[in-house]
Amino acid sequence: MLRLLGYLLNQGVVTSKDYCAPLEDGLGLPEFSDRACAGSQCNECRSVCPTGAITVDSGENGGEVHLDLGACIGCSMCVRSCPQETLVNSKKTAVARLSRDDLVISNVDRKVPLSLSRSTESKSLFYRSIACRVVSTGCSACDLEVAACGNSIFDMERFGIHVVASPRFADVLLVTGPVPKAMHDALKSCYEAMAEPRRVIAVGTCATSGGLHRGGYAEANGVDSLLPVDLYIPGCPPHPWSIIDGVKKVMDGRQA
Amino acid sequence: MKVERREVALSERAETIRQLLHSDGNRLGLISSINGSQLISLVLSPNEGTAVCWESPLQTKQYHSLVPVISEAHWFERTMWDMFGLEPENHPRLKHNLLHEAYPSSLLPLKLGFDSSVDGKSEGTGDNTGSGAGNDSGEGIVNLNGRDYKPMAVRGDGIYEIPVGPIHAGIIEPGHFRFSCLGEVIFNLEIRLGYVHRGVEKRLCEVPWRKQRFLVEAAASDSAAAYALAHSIAIESLFDRSVPQKAEFLRTISLEIERAAMHINDLGGLAGDIGYLAISSTMGRLRGVALSMAEQLTGSRLQRNFICPGGVIFDPCLKLRDIKNSAHQLRMSLQPVMTFFMSNEVARDRMENIGKVSARLTADFGLVGPAGRASGERYDARQHFKHGVYPRIRVPVAVETDGDVLSRAKVRIAELDTSLFLIEQLIDGLPEGDALVKLPDSLPKNAAGLGIVEAHRGELIHLVFTDGEGKCSRYAIKDPSVNNWTGLAIAVRNNLVSDFPLCNKSFGLSYSGHDL
Ligand code: SF4
Ligand code: SF4
């Protein structure tokens with residue numbers, strides 16, 4: 001017992017102090033650089049994208065690219081294939097957005113850079129602590145990353161974020177996965193069991209848009225085809241920091 | 001690897017397969033169909049490292065169930081009923097596996113002629129002949145009669161049921177468990193899956209083959225490296241191509257990092273369920289080390305988009321030294337932690353003689369991976385089938401014989417150590433050269449390709465068929481969990497309800513890999 005305590009003390013503090021630090025080795029979701037796109041005759045990024053997240057049009061000053069982060073699995077194939085280096089790896093983790101439209105970024109109109117977080121002046125209902133119920137409907141990677149938020153490296157409890165085992169105690173519903181048909185009713189009943197005020201967060205690209213599974217017979221088209229979603233966290237799977245940052249944005253949000 | 005295709009008449013199928021499986025260590029790989037007009041039975045010969053796919057053409061949708069002679073066929077036949085509408089006669093307990101009451105009864109996703117359209121609306125072939133798309137629209141119409149599901153009823157004085165799920169209390173995938181108990185003791189566990197069925201196998205036949213790998217990795221992302229590897233081998237075998245040595249090494253490193261990370265995760269989960277939080281939190285931290293190795297190698301914590309048909313996407317040579325150091329340090333830090341874990345009386349007491357599976361049932365139901373090896377089964381695909389540097393480079397097989405939770409933990413601990421050691425060795429011995437070869441643009445016609453990989457849960461199989469136009473006509477995946485879910489149901493019998501979480505963790509099964 002004492003030896004174990006000694007061992008534990010020896011490990012020191014491993015909790016990461018760098019909130020949403022840029023990724024060292026990870027690539028993160030793609031974003032745009034300042035360099036001009038070659039236009040629709042190139043179309044490389046669009047043709048390699050496995051989820052159809054990209055559209056390319058020819059504009060006045062070169063190509064106009066639109067990228068839907070909500071459909072992007074971060075495979076980085078577009079970045080690798082882009083001859084102009086218009087697309088680059090963002091290496092960012094603060095990627096959550098309050099609306100589905102905000103997830104569509106473009107190289108022309110870059111009003112919402114990836115790192116921007118929406119803070120609000122007055123305090124919200126959940127500003128001290130928030131209880132999350134996690135419902136998984138996906139491939140388990142998103143769940144592993146949500147679980148990793150609770151380990152001693154990310155330690156989300158220090159921000160007042162707890163995971164609870166029942167929707168009755170929960171302020172926010174974290175949904176992972178594309179919600180295939182067999183989970184529709186279960187997810188809805190979980191939501192109904194939550195007391196107001198309640199929030200819904202779509203964790204991961206599948207939950208945001210259905211991702212790779214969208215449009216199939218299993219009707220796995222994401223959470224917002226069933227429930228009102230307050231925040232989207234893209235990524236396949238999102239980094240633990242992305243998840244913590246997303247939940248914190250809901251904690252900081254005002255509309256009660 | 002190449003797969004030999006042979007035909008066996010339906011009337012002789014049961015006897016042929018039975019005899020094959022009873023000779024020289026042959027194993028059942030999977031049973032399925034290509035488009036509902038035939039049965040395929042994949043028989044593996046680990047000793048030779050070969051596989052034969054036995055095809056039996058079907059005239060009707062009925063066939064004789066193999067289950068009375070080969071127990072492990074039971075799960076495959078249930079799946080075929082859902083996906084193709086094929087009805088086994090004399091299956092002792094036929095029930096749906098993947099498609100339940102949420103789906104219209106006419107839905108037969110993999111049957112010839114079924115078309116899943118792109119905007120979320122689907123049409124099923126309602127007729128039994130399977131010719132052309134039917135007109136039963138799938139919109140919200142639920143045919144309860146067609147998708148009835150009756151869990152096995154256990155009757156007797158004082159017997160009651162505990163239903164759990166599909167949504168679980170923790171952060172895990174969905175599934176439904178129904179325990180029939182007397183007092184605190186579990187008599188029977190009925191496992192109902194299919195909640196994360198996303199139609200992956202169908203979608204794999206709809207996308208261009210170069211985009212299949214993204215879907216394959218996302219099918220069960222905790223095994224992304226293993227899935228990508230099995231996929232790559234299957235595609236390469238269609239082309240009859242091999243990849244450069246360097247790629248084989250890098251793929252193996254990736255696979256072993258994944259194994260290490262998931263074994264750490266499972267062992268940590270086990271410690272957590274016992275209540276040994278010092279160990280579980282330490283394992284949480286150490287898993288972080290394994291994930292950073294993964295990130296250094298591939299740019300992704302779960303090793304997405306690295307292994308691809310033809311080799312690996314890029315050559316991470318600059319990072320290898322760091323990865324080797326981390327592997328070494330991780331191995332050193334794990335040793336004292338595992339000693340603390342295994343020498344703790346209370347922890348041992350919770351694991352010893354709990355959730356036992358006998359060697360006989362392990363063989364009958366074909367349990368694979370650590371779950372099989374904890375019950376005396378020596379099978380490890382790394383010894384037999386070509387993937388990465390295996391079987392050329394031999395790894396020691398960790399085998400235990402007690403078949404309890406403790407044995408499954410011990411097997412993982414031994415494998416974890418081997419994996420980390422192997423990563424160091426492989427990095428030291430990394431050959432020079434390219435890590436990617438270009439493959440042709442179109443798949444060969446009327447071909448079959450096979451990939452067998454030892455994933456962290458056990459034997460993973462990808463079997464791919466192409467049609468006369470060189471399109472992928474069937475992509476069959478057999479996750480190790482398909483074999484092992486039955487193992488869990490066997491293990492919990494006559495155990496306490498409160499030991500279920502431990503038994504469950506000791507198997508560490510995948511829902512999404514099973515449901516697809
Ligand atoms: S990184 Fe995203 S946008 Fe780029 S190719 Fe991959 S999925 Fe498409
Ligand atoms: S977003 Fe990616 S990681 Fe998350 S459930 Fe979907 S496939 Fe899995």
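Me: How many disulfides does a search of the whole structure find over all chains?

Reply: This is a predicted model, in which local features need pLDDT of at least 70, side-chain atom pairs count only at pLDDT 80 or more, totals for chains, interfaces and linings use all residues, and side-chain values use heavy atoms, leaving out hydrogens and water. Residues are numbered from 1 along each chain as its sequence is written, while chains are lettered from A and ligands numbered from 1 in the order in which they are written. A disulfide is a pair of cysteine sulfur atoms within 2.5 Å. Over all chains, the number of disulfides found is zero.

Me: How far from B:Cys205 is the nearest cysteine sulfur?

Reply: B:Cys205 is buried, with a relative accessible area of 17% (buried means under 20% relative accessible area, exposed over 50%, partly exposed in between, with a 1.4 Å probe and protein chains only). B:Cys205 is in no disulfide, and the nearest cysteine sulfur, that of B:Cys472, lies at 4.1 Å.

Me: Why is the sulfur of B:Cys503 without a bond to the closest cysteine sulfur?

Reply: B:Cys503 counts as buried, at 0% relative accessibility. The closest cysteine sulfur belongs to B:Cys181 and is too far for a bond, because the distance is 13 Å.

Me: How many aromatic pairs are there over all chains?

Reply: Rings of Phe, Tyr and Trp (its six-membered ring) pair if their centres lie within 6.5 Å; planes under 30 degrees apart count as stacked, over 60 as edge-to-face and the rest as tilted. Over all chains, the count of aromatic pairs by this rule is 13.

Me: How many residues apart in sequence are the parts that A:Tyr19 and A:Phe159 tie together?

Reply: The two rings are edge-to-face, 5.7 Å centre to centre with 75 degrees between the planes. A:Tyr19 lies in the loop between helix 1 (2–11) and strand 1 (30–32) of chain A, and A:Phe159 in the loop between helix 4 (141–149) and strand 7 (161–163), so the separation in residues is 140. Helices (H or I, at least four residues) and strands (E, at least two) are DSSP runs, numbered from the N terminus. The value asked for is thus 140.

Me: Which helix of chain B holds B:Phe341, the partner of B:Tyr276?

Reply: This pair is edge-to-face, at 6.1 Å centre to centre and 65 degrees between the planes. B:Tyr276 counts as buried at 12% relative accessibility, and B:Phe341 counts as buried at 0%. B:Tyr276 lies in the loop between helix 6 (245–274) and helix 7 (277–298) of chain B, whereas B:Phe341 is in helix 8.
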